[in-house]
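Let's take a walk through this protein together, one stop at a time. Have the chain in view and follow along.

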Amino acid sequence: MSDQSHSIQSICVYCGSRPGRDTAYMAAGRALGKEIAEYGLRLVYGGGTKGIMGAVASGVLSNGGQVTGIIPEFLIDMEATRHSLGQLNELIVTPDMHARKHLMFERSDAFVALPGGIGTLEEIVEIMTWAQLARHEKPMVFANIKGFWDPMMELMKHMTDEGFVHTAHRVQPLVIDDISGIIPAIMAQAAELAADREGEDAVISKM
């Protein structure tokens with residue numbers, strides 16, 4: 001787990017490789033990319049240059065930000081164009097999806113899920129699973145554009161109420177409707193976690 005006491009430096013964004021039916025999704029992707037760049041953070045994402053993935057990367061690059069794309073070889077021609085991939089600041093081609101997801105986790109200090117499909121859902125749920133198992137305390141955000149993630153929040157509440165989320169206190173993703181509120185919320189949560197750890201260390205040192 002990375003030391004978050006020195007602030008967030010990179011944001012992993014999970015999102016669709018398609019634009020979706022509502023134009024608000026692509027607009028949200030571009031807006032989040034712009035925010036990431038303006039805060040001086042690095043985008044870590046799945047390397048796609050199409051759909052919302054492309055919108056986020058474009059939003060970062062067009063505002064002078066840094067982008068790391070991590071993509072398996074077999075997805076390059078499905079989710080990207082080789083020319084567009086050349087625009088990224090850093091491109092990592094992995095042999096498979098497992099290596100891609102592991103690298104994205106290691107390279108990132110926080111995670112944001114924009115609208116997307118099964119792949120997006122699978123990625124953010126895996127991050128939540130690792131949090132439940134105490135493998136990390138990195139901030140997790142559902143960018144709830146036009147209520148896209150409402151059904152997911154209902155499902156999580158249902159699973160918790162039925163006793164299947166056994167460490168619910170570790171699985172508390174932020175749910176934010178407004179793109180402009182995402183990075184400040186991530187920074188605030190990271191600072192709170194760092195303060196808690198410092199407090200724990202101080203108590204232990206006095207024992």
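Which residues are buried in helix α5 (residues 97-107)? Keep in mind that we're looking at a predicted model. The buried ones are Arg100, Lys101, Met104 and Phe105. They end up on the same side of α5 because they span an arc of only 130° around its axis. That fits a general rule: an α-helix has 3.6 residues a turn, so residues three or four places apart point the same way. Now swing the view around to the face of α5 turned away from that buried side, and you'll find the exposed residues His98 and Glu106. His98 also helps you locate the start of the helix, since aspartate 96 caps the N-terminal end of α5, with a side-chain oxygen 3.2 Å from the backbone nitrogen of histidine 98.

Next, hop over to helix α6 (residues 118-132), where glutamate 123 sits. Leaving out residues up to four places away in sequence, glutamate 123 touches Tyr14, Arg100, Lys101 and Met104. You've just met three of those names: Arg100, Lys101 and Met104 are among the buried residues of α5. Here's a curious detail: glutamate 123 is buried but has no salt bridge. Why not? A salt bridge needs the nitrogen and the carboxyl oxygen within 4 Å, and the nearest side chain of opposite charge, arginine 100, is 4.3 Å away.

There is a salt bridge between these two helices, though. The side chains of lysine 101 and glutamate 126 meet at 3.3 Å, N to O. Lysine 101 belongs to α5 and glutamate 126 to α6, so this pair ties together parts that are 25 residues apart in sequence. Lysine 101 counts as buried at 12% relative accessibility, while glutamate 126 is partly exposed at 23%.

How many salt bridges does the whole structure have? A search finds 8. Another one joins glutamate 90 and arginine 107 at 3.0 Å, N to O. Glutamate 90 lies in strand β4 (residues 90-94) and arginine 107 in helix α5, so here the linked parts are 17 residues apart in sequence. Both partners belong to a salt-bridge network made up of Arg42, Glu90 and Arg107. For a pair within a single helix, look at lysine 34 and glutamate 38, whose closest N and O atoms are 4.0 Å apart. These two are 4 residues apart in helix α1 (residues 23-38), which means about one helical turn separates them.

Keep going past α6 and you reach histidine 136, in the loop between α6 and β6 (140-143). Histidine 136 is buried, with a relative accessible area of 3%. Its side chain reaches the backbone oxygen of isoleucine 127 at 2.9 Å and the backbone nitrogen of lysine 138 at 2.9 Å. Further along, in the loop between α7 (150-161) and β7 (174-176), comes threonine 167. The side chain of threonine 167 reaches the backbone oxygen of glutamine 132 at 3.1 Å.

One last stop: the cysteines. Cysteine 12 and cysteine 15 are both buried, at 0% and 8% relative accessibility. So why does the structure hold 0 disulfides? The sulfur of cysteine 12 is 9.2 Å from the closest cysteine sulfur, in cysteine 15, and that is too far for a bond.

Technical notes
Residues numbered from 1 in each chain as written. Predicted model: local features only at pLDDT ≥ 70, side-chain atom pairs only at ≥ 80, totals over all residues. Heavy atoms only, no water. Buried < 20%, exposed > 50% of the residue type's maximum accessible area, 1.4 Å probe, protein only. Lys, Arg positive; Asp, Glu negative; His and termini not counted. Contact = heavy atoms within 4.5 Å. Disulfide = S-S within 2.5 Å. Arc of directions from axis to C-beta. Polar contact = N/O pair within 3.5 Å; in protein donor to acceptor, adjacent residues only side chain to side chain.
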